[in-house]
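Reader: Got a minute to go through a model with me? Put it up and let's chat.

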Amino acid sequence: MSKASKAGYEAHAPQQDLESMGALGVRAHVREVMGMRRSSALLLLFVFFYVGYLVAGGLVFATIEAPAEAQLKASLLRARQAFLEKHPCVSDLDLEMLLNEVVWAADRGVSAVNNVTGHPNWSFGQSIFFSSTVVTTIGYGHVTPLSKVGKIFCIVYAIFGIPLTLVLCTALVERLLVPATLLLQWLNARLGHLYQPFYIRLLHLAIIVSLLVSLFLLIPAAVYASLEPEWDYMDALYYCFISLTTIGLGDYIPGDYPGQAYRPLYKVLTTVYLLVGLTFTMLTLAVFCDIPQLNVGLLFLARSDETTNDPEKVRLNQPACPHTQYTQQRVHVRTRLDSPSPEEVTPVHARP
């Protein structure tokens, strides 16, 4: 065999091996732990951890809040007893019936305090605010539909409104990812020769989180604390966090203080704050999930268990590492001090 023929045979041998492997069929191997898939074992451990987390939270809340609840009940009992002693003509049964009516109305957003001169719950500004809490799934629960027709409309409104809100927020996040990616490219250009891409992404995430905390938690909390007579800064910060995380407990509602000036406008501006804040919160989560080392949810995917000796599948299923790109489209081998190019760290949807 001539040298040229030998070289040609060696050059084409790997391709022939791949073709023969494809013809014979390459079976994927599944990683197992104690007779079950590794992802299933990790998921089972995570479920136990999650249940333990819930139990621990319940114990902590019970320990912290039970004394405060007991103190409040004792104070309420003393106030009730003092009222009956001051007004002997009122029987305990009559007072109980009145309190039941007051509590029933309060649970539906109608307050007995200054109710005649106060603003209605279903004014235009309040109605817009309520609509925003429905479609964003915040759902404070302080104001609810009272009529059956209103309850049916609320169901239909939420069925269409929630997906529309998700579409809107997703589209806005896609636009916000463009300047966020430009910031990442700038950090890579300045720091890529000093640090690995993973640490640069951590810095990028820290900047995004700092913007979220300062612009949508700390500063709005100061504004609410100055506008709400009965709120201190901690109450306002608590409200902002509970709202932007869509927990929506409903214990603090802006603009519900009797005699609140410009209440409709106040409610509308709060609606705008909630929508913008939720969008930026989703942006922060998107940046976080784009870092494979921090996205622990990947460990629970069934496809993470499969290993194969098929070169093509190995290439397509490269594990995440500090040099993994945002979109994982190509796998480049670079030295420790090399920084990724702007094209490599730019998400597909953010490219021109």
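Author: Here is a short chat about this chain.

Author: One caveat up front: this is a predicted model, where local features need pLDDT of at least 70, side-chain atom pairs count only at pLDDT 80 or more, and totals for chains, interfaces and linings use all residues. Residues are numbered from 1 along each chain as its sequence is written, and side-chain values use heavy atoms, with hydrogens and water left out.

Reader: Fine. How many helices and strands are in the chain?

Author: 9 helices and 4 strands, taken as DSSP runs (H or I, at least four residues; E, at least two) numbered from the N terminus. In sequence order that reads α-β-β-β-α-α-α-α-α-α-α-β-α.

Reader: Where does UniProt place the "transmembrane region" feature?

Author: The unreviewed entry lists residues 41-64, 124-143, 155-178, 198-224, 236-253 and 265-288. Such annotations may be inferred rather than shown by experiment.

Reader: What's the helix content over 41-64, and over 236-253?

Author: Residues 41-64 are 100% helix, with end C-alpha atoms 35 Å apart. Residues 236-253 are 50% helix and 0% strand, and their end C-alpha atoms are 10 Å apart.

Reader: Switching topic: what percentage of the chain's residues count as buried?

Author: 27% of the 352 residues, with buried meaning under 20% relative accessible area (1.4 Å probe, protein chains only).

Reader: And L43, is that buried, partly exposed or exposed?

Author: L43 counts as partly exposed because its relative accessibility is 38%, which lies between the buried limit and the exposed one of over 50%. L43 sits in helix 2, residues 38-86.
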